[in-house]
Each structure stands twice: as C-alpha cells, then as structure tokens.
Amino acid sequence: MAKKTMERRLPMDGFEVRGGRVQVVYASGEPELKALKEEIGRWEGSIGNDPSPPQQDSLELARYAVRRWGEAYKQKPQKGTAHTMERLKQMIVNNPRSDVRMLALAQVGWLQGEKTVGVCMFRRTWCNNIALEVVAAHPGLDEKKESPISGLGTGFLHHVSSVAETISASAIWGECTQNSAEFYKVFVDQPEHLKDLIILPKEQYQEIRLSIETIWKGRDTAPNDGRDI
C-alpha cells in the first residue's frame with residue numbers, strides 16, 4: 001500500500017505558493033544565465049540599502065548559485081550540468097559516477113515586473129546522493145506581510161525530494177544557514193539536534209514528500225510556512 005502511495009506523485013514542473021502557481025524550469029545555457037544575473041541584480045534593488053540578514057543571505061546565495069552553476073557549465077560542457085531530468089538520468093546511465101549540478105528556477109507570470117522568484121541549486125554526487133546547495137527566495141518579496149511567494153521553500157524541498165526519489169538517491173544532505181535552520185527543523189525527526197548540517201536518508205525524504213503532498217491536496221494553495229528560505 002505504501003509503495004502505491006509513493007508512486008502517485010504530483011507533477012515536478014511546478015507547485016502552488018500563496019500568490020499562484022510557480023513553474024520550475026532548469027537553467028540550460030549562457031544566454032539564460034545572463035538574463036538570470038540581471039534579474040538577481042534587480043532583486044538587490046528591491047531591498048534598499050539596509051537589508052535584513054535573511055534578505056542579504058538570499059541575495060548572496062542566489063548569486064553564488066548562478067556563479068557555481070555557470071562555472072560547472074563552462075568547465076564541463078554537457079558533462080557537469082543537466083537541464084532536464086531525462087538528461088540527468090542519461091548521464092547517470094552513461095557514467096554511474098557522474099557528478100552533476102542542476103539549477104532550478106521558480107518562475108511566475110502573475111507578478112508585475114518579476115519573473116524568477118527563487119532559485120534552488122543541487123548536485124547529484126558521484127555516489128548518488130543529492131547535495132542541496134542553495135535555496136534562495138526573492139528577498140524583496142519573501143519578507144512582505146502575507147508574502148505572495150510564501151510556500152516557496154516547501155515547494156523546492158518537495159521538488160528536490162522528488163528528484164532524489166526518481167534517481168533512487170540514498171540521501172539528501174546540505175548545509176543550513178543560521179537563518180534557514182528554523183525552516184528545516186519542521187521536517188526533521190530530531191529538530192533540537194539540527195545545527196548547520198541536514199541529512200535526510202531516503203526513508204525520511206520520501207516521508208517529507210508525502211507529507212507535503214498531503215497538505216497541498218487538503219488546501220487550495222501550498223502551506224503558509226511563514227518566512228520561507
């Protein structure tokens with residue numbers, strides 16, 4: 001019964017946040033990267049000269065993600081990055097020890113002047129784990145009262161868990177910043193022990209995916225989890 005439940009997955013190409021539907025697309029080349037850098041530059045303009053620590057974190061992490069994905073793309077064309085799940089699976093078949101980085105972009109069409117409202121960079125490691133490297137939300141929107149992108153962090157976590165399950169990853173692991181640790185504590189078994197490292201074994205990230213789907217199916221929009229990462 002549990003196996004059948006896990007097979008009934010929600011689509012991986014998007015999810016709902018408070019303001020509407022978010023489409024998840026993957027970065028695929030240099031022209032897209034250039035446009036993304038310009039968008040993140042506008043993120044900075046939206047937070048003024050005195051950003052909060054979480055806003056500064058989001059901006060710096062987004063820039064880091066774009067830079068690192070760009071470096072991987074340039075250094076190993078067609079080998080260091082993937083722009084679709086099919087491509088990732090092909091790369092694993094061709095070389096089971098492939099180390100592959102992916103940059104997921106959360107994009108919307110319902111916010112005036114905004115397209116990309118979040119970025120998520122993760123890496124399939126050579127031993128078939130998923131390293132969750134960056135989750136960053138638009139800093140000018142994320143801290144608004146009743147933020148239109150509330151639920152973005154939850155949606156990205158569901159997406160990465162789905163990717164991990166698709167390739168039968170042994171675990172998802174990543175580093176928590178001091179500003180994101182509280183968000184992740186909601187999803188781990190022993191939140192009091194969570195510091196700067198999060199490790200989700202396969203059984204746990206499968207449970208997280210299912211629990212998020214249960215919440216989503218019971219609501220019109222994704223859960224409001226406060227200030228998303």
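**A predicted model built around a seven-stranded sheet**

In β4, Val100 finds its bridge partner in Arg124. This pairing belongs to a predicted model, and it offers a point of entry into the sheet. Val100 is part of strand β3, which covers residues 100–107 and pairs with β4 in the antiparallel sense over 8 bridges. Strand β4 itself covers residues 116–124.

The two strands are members of an open sheet of 7 strands, whose order is β1-β2-β3-β4-β5-β6-β7 and whose pairing is mixed. At its edges stand β1 (14–17) and β7 (197–201), each of which pairs on one side only. From one strand to the next, the twist averages 25 degrees. The mixed character of the pairing can be followed through the later strands. Strands β5 and β6 run parallel and are joined by 3 bridges; here Ala131 stands opposite Trp173 in β6. Strands β6 and β7, by contrast, run antiparallel and are joined by 5 bridges, with Ile172 standing opposite Leu200 in β7.

Helices accompany this sheet. In total, the secondary structure of the protein chain comes to 8 helices and 7 strands. Helix α4 (residues 85–94) lies across β2 (20–26), β3 and β4, and runs at about 170 degrees to β3. Helix α6 (residues 152–166) also packs on the sheet, where it touches β1, β2, β3, β4, β5 (130–137) and β6 (171–175). The direction of helix α6 makes about 30 degrees with that of β4.

Several loop residues show how the elements are connected. Thr81 has its place in the loop between α3 (53–75) and α4. Because its relative accessibility is 8%, Thr81 counts as buried, the cut-off being under 20%. Leaving aside neighbours within four places in sequence, Thr81 is in contact with Trp69, Ala72, Tyr73, Met91, Val100 and Arg101. Val100, the residue paired with Arg124, is thus met again among the contacts of Thr81.

Leu111 is found in the loop between β3 and β4. Beyond its neighbours within four places in sequence, Leu111 is in contact with Val117, Leu141 and Pro148. The last of these residues, Pro148, lies 37 residues from Leu111 along the chain, yet the C-alpha atoms of the two are separated by 8.9 Å.

Two further loop residues deserve attention for their backbone geometry. Most residues other than glycine have a negative phi. Asn128, in the loop between β4 and β5, has a positive phi, near 65 degrees. Ser168, in the loop between α6 and β6, likewise has a positive phi, in this case near 55 degrees. What is the burial state of each? Asn128 is buried, because its relative accessible area is 14%. Ser168 is partly exposed, because its relative accessible area is 43%, a value in between the cut-offs of 20% and 50%.

The chain as a whole can now be considered. Buried residues make up 50% of the 229 residues in the protein chain. The accessible surface comes to about 11,500 Å², of which 49% belongs to carbon and sulfur atoms. Among contacts with a separation of 6 or more, 67% are between residues 24 or more positions apart. As for the cysteines, Cys120 counts as buried because its relative accessibility is 0%, and Cys176 counts as buried because its relative accessibility is 4%. A search of the whole structure finds 0 disulfides.

It remains to ask where the prediction is confident. The protein chain averages a pLDDT of 86, and 88% of the residues score at least 70. Confidence is highest in strand β4, at a mean of 97, and lowest in helix α1 (residues 2–7), at a mean of 37. The pLDDT is below 50 over residues 1–9, a stretch that has 12 contacts in the model beyond near neighbours in sequence. Over residues 221–229 the pLDDT also stays under 50, and the model has 41 contacts for this stretch beyond four places in sequence. Where pLDDT is low, the predicted coordinates should not be read in detail.

Methods
Residues numbered from 1 in each chain as written. Predicted model: local features only at pLDDT ≥ 70, side-chain atom pairs only at ≥ 80, totals over all residues. Heavy atoms only, no water. Disulfide = S-S within 2.5 Å. Buried < 20%, exposed > 50% of the residue type's maximum accessible area, 1.4 Å probe, protein only. Helix = DSSP H or I, 4+ residues; strand = E, 2+ residues; numbered from the N terminus. Contact = heavy atoms within 4.5 Å. Areas by Shrake-Rupley, 256 points an atom, 1.4 Å probe, with all protein chains shown as cover. pLDDT = per-residue confidence, 0-100. Pairing = 2+ DSSP bridges. Axes fitted to C-alpha atoms, helices over the stretch in contact; angles between N-to-C directions.
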